[in-house]
Amino acid sequence: MTTNYYIDIENMELISDDRIDLSKKEKELIVKKLLEAHKLALANFSSGNITHRGFAANICDNNNNWALGTNFNNTRNEISSICAERSAILSLYNSLLIEYMQKNKTEKFDFKIKYICMAQNIPLDKTATTPPPCEDCLSWLNTNRFFDNKTIIFSFEKNKNNTLALRAIKLSSLLPYKDVLTSTDGGLKKIVFANDSIKLSEKEIYSLIEKTCDLYKNNKFAFVSNQNISCSILVNNEIFSASKIDWTKRWFLEPLEFACAKAIEKYGNDLKIDAVCYFGDEYSKNNEEIFFDGTISIKSLGRIRRKYAKDCTPLILNLKDSILVTTIAQYLPKKFIQGYKI
Ligand SMILES: [Zn+2]
């Protein structure tokens, strides 16, 4: 498999829905880094990766340090797999921290990701688009600690003329809007529909909120993290609910997946989720320290929309002054404004 292509970097089109300006030099560097990542993705594929796919990412921090990483798959399941983006981030984090430790630096360790350059093993002449980060990666990237609204994701894709182009997208364009925090204030609130196509009655919405809130109040299994969350789904006019169950501070049973499991048990593969409702705490508490981990699981929403729900499935959120009824698709890729203090 050849990895040599003629690439006219100077005239390569930069495709983006966000306002992204790159200097000529910066663009050249990004393309070079994407080519390096592509080569590594090919190598990982050739090595006989168990998933039969090779991905790689070349990432850059705010101090212009770069690192490469590739998808790491012990098995095909999520527990023993890590995507290229996360693998590259960990590689850079570790090497910079080791450097920092050896230099005995006294200032704060500064680590913010500026660029994520993503590539796959598909030959460049056959590359149409590159998949964006998966929901597992997005839930990982959905914090302000190492990423911010300046972080940009680059990849190769074909433009309208069937020529290789550079796609740039702000990470914030792929993440939920973090300025909309949910609330645990109960009471009857007005319902706000995020778009006209959502077909849910007030009765259905209030019943979902009420049932989820009741469950939240009575959940006794989220005592380790001190972050209590409940979730309900509507299926054939029936509500299936579940609450978060903590195993340890770090591990828990996610309520959306738990509620879905109950419904799957009853309806099997024919399960069609008509609505999702979340209610709970936005943060966990550990020794009086607060960690804003968020109520809604991007990861779980991503999982259910692959099979039992759709992008247009309504998502009901209890806010401070209203009940917001949005959709999974509208929630997942919303722009985020810095809302969490991490
Ligand atoms: Zn991923």
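# A tour starting from strand 10

Begin by selecting strand 10 and strand 14, which pair in the antiparallel sense over six bridges. This is a predicted model, and every stop below refers to it. Within this pair, find serine 230, which stands opposite phenylalanine 279 in strand 14.

**Strand 14**

Now select residues 275-280, which make up strand 14. Is this strand enclosed or open to the outside? Six of its six residues are buried, so strand 14 is largely enclosed by the rest of the structure. To count as buried, a residue needs 20 or more other C-beta atoms within 10 Å of its own. Colour Ala275, Cys277 and Phe279 to see one side of strand 14, then Val276, Tyr278 and Gly280 to see the other. Both faces are covered, with buried residues on each.

**Strand 17 and isoleucine 316**

Add residues 314-318, which form strand 17. How do strand 14 and strand 17 run relative to each other, parallel or antiparallel? They pair in the parallel sense, over three bridges. At one of the paired positions, cysteine 277 has isoleucine 316 in strand 17 as its bridge partner.

Keep isoleucine 316 selected and show its contacts. Which residues does isoleucine 316 touch, leaving aside those up to four places away in sequence? Ile205, Leu208 and Ile209 are among them. Ala275, Val276 and Cys277 also touch isoleucine 316, and the list ends with Ile323 and Val325.

**The nonpolar core**

Isoleucine 316 leads to the next selection. In the largest nonpolar core, which has 73 residues, the residues with the most contacts inside it are Ala37, Cys117, Ile233, Val276 and Ile316. Select residues 24-46 to see helix 1, which gives this core its largest share, eight residues. The core draws at least three residues from each of domain 1 (14-174) and domain 2 (190-331). As background, nonpolar side chains tend to be buried together in soluble globular proteins.

**Back to strand 10: the hairpin**

Return to strand 10 and this time add strand 11. These two strands pair in the antiparallel sense over six bridges. Isoleucine 233 has phenylalanine 240 in strand 11 as its bridge partner. Isoleucine 233 also appears among the core residues with the most contacts.

Move to the turn. Strand 10 and strand 11 form a hairpin with two residues between them. Asparagine 236, in the turn, has a positive phi of about 50°. Next, select asparagine 237, in the loop between strand 10 (229-235) and strand 11 (238-243). Its phi is near 65°, a positive value in a residue other than glycine. Most residues other than glycine have a negative phi. Is asparagine 237 buried or exposed? Asparagine 237 has 8 C-beta neighbours inside 10 Å, so it counts as exposed; the limit for exposed is 12 or fewer.

**Asparagine 162**

Another asparagine is worth selecting for its phi. Asparagine 162 sits in the loop between strand 7 (152-158) and strand 8 (164-170). Its phi is positive, about 65°, although asparagine 162 is not a glycine. Because asparagine 162 has 9 C-beta neighbours inside 10 Å, it counts as exposed.

**Arginine 76**

Go to the loop between strand 4 (72-73) and strand 5 (81-82), and select arginine 76. With 10 C-beta neighbours inside 10 Å, arginine 76 counts as exposed. Leaving aside residues up to four places away in sequence, arginine 76 touches Ile50 and Thr51. Now draw a distance from its C-alpha atom to that of isoleucine 30: the two atoms are separated by 30 Å, and the residues are 46 apart along the chain.

**The two domains**

Colour residues 14-174 as domain 1 and residues 190-331 as domain 2. How far apart are the centres of domain 1 and domain 2? Taken over C-alpha atoms, they are separated by 31 Å. Select the contacts between the domains: five residues of domain 1 are in contact with four residues of domain 2. On the domain 1 side, one of the touching residues is nonpolar, two are polar and two are charged.

**The whole chain**

Finally, zoom out. The chain has eight helices and 18 strands. Its C-alpha trace spans about 60 × 50 × 40 Å along the principal axes. Of its 342 residues, 36% count as buried. A compact globule of 342 residues would have a radius of gyration near 20 Å, and the 22 Å of this chain agrees with that. Among contacts between residues at least 6 apart in sequence, 67% join residues at least 24 apart.

How values were computed. Residues numbered from 1 in each chain as written. Predicted model: local features only at pLDDT ≥ 70, side-chain atom pairs only at ≥ 80, totals over all residues. Helix = DSSP H or I, 4+ residues; strand = E, 2+ residues; numbered from the N terminus. Rg over C-alpha atoms; globule rule 2.2 N^0.38 Å. Contact = placed C-beta atoms within 7 Å. Domains from an automatic or database assignment. Nonpolar A, V, L, I, M, F, W, Y, C, P; charged D, E, K, R; others polar. Pairing = 2+ DSSP bridges. Core = buried A, V, L, I, M, F, W, Y, C linked by C-beta atoms within 7 Å.
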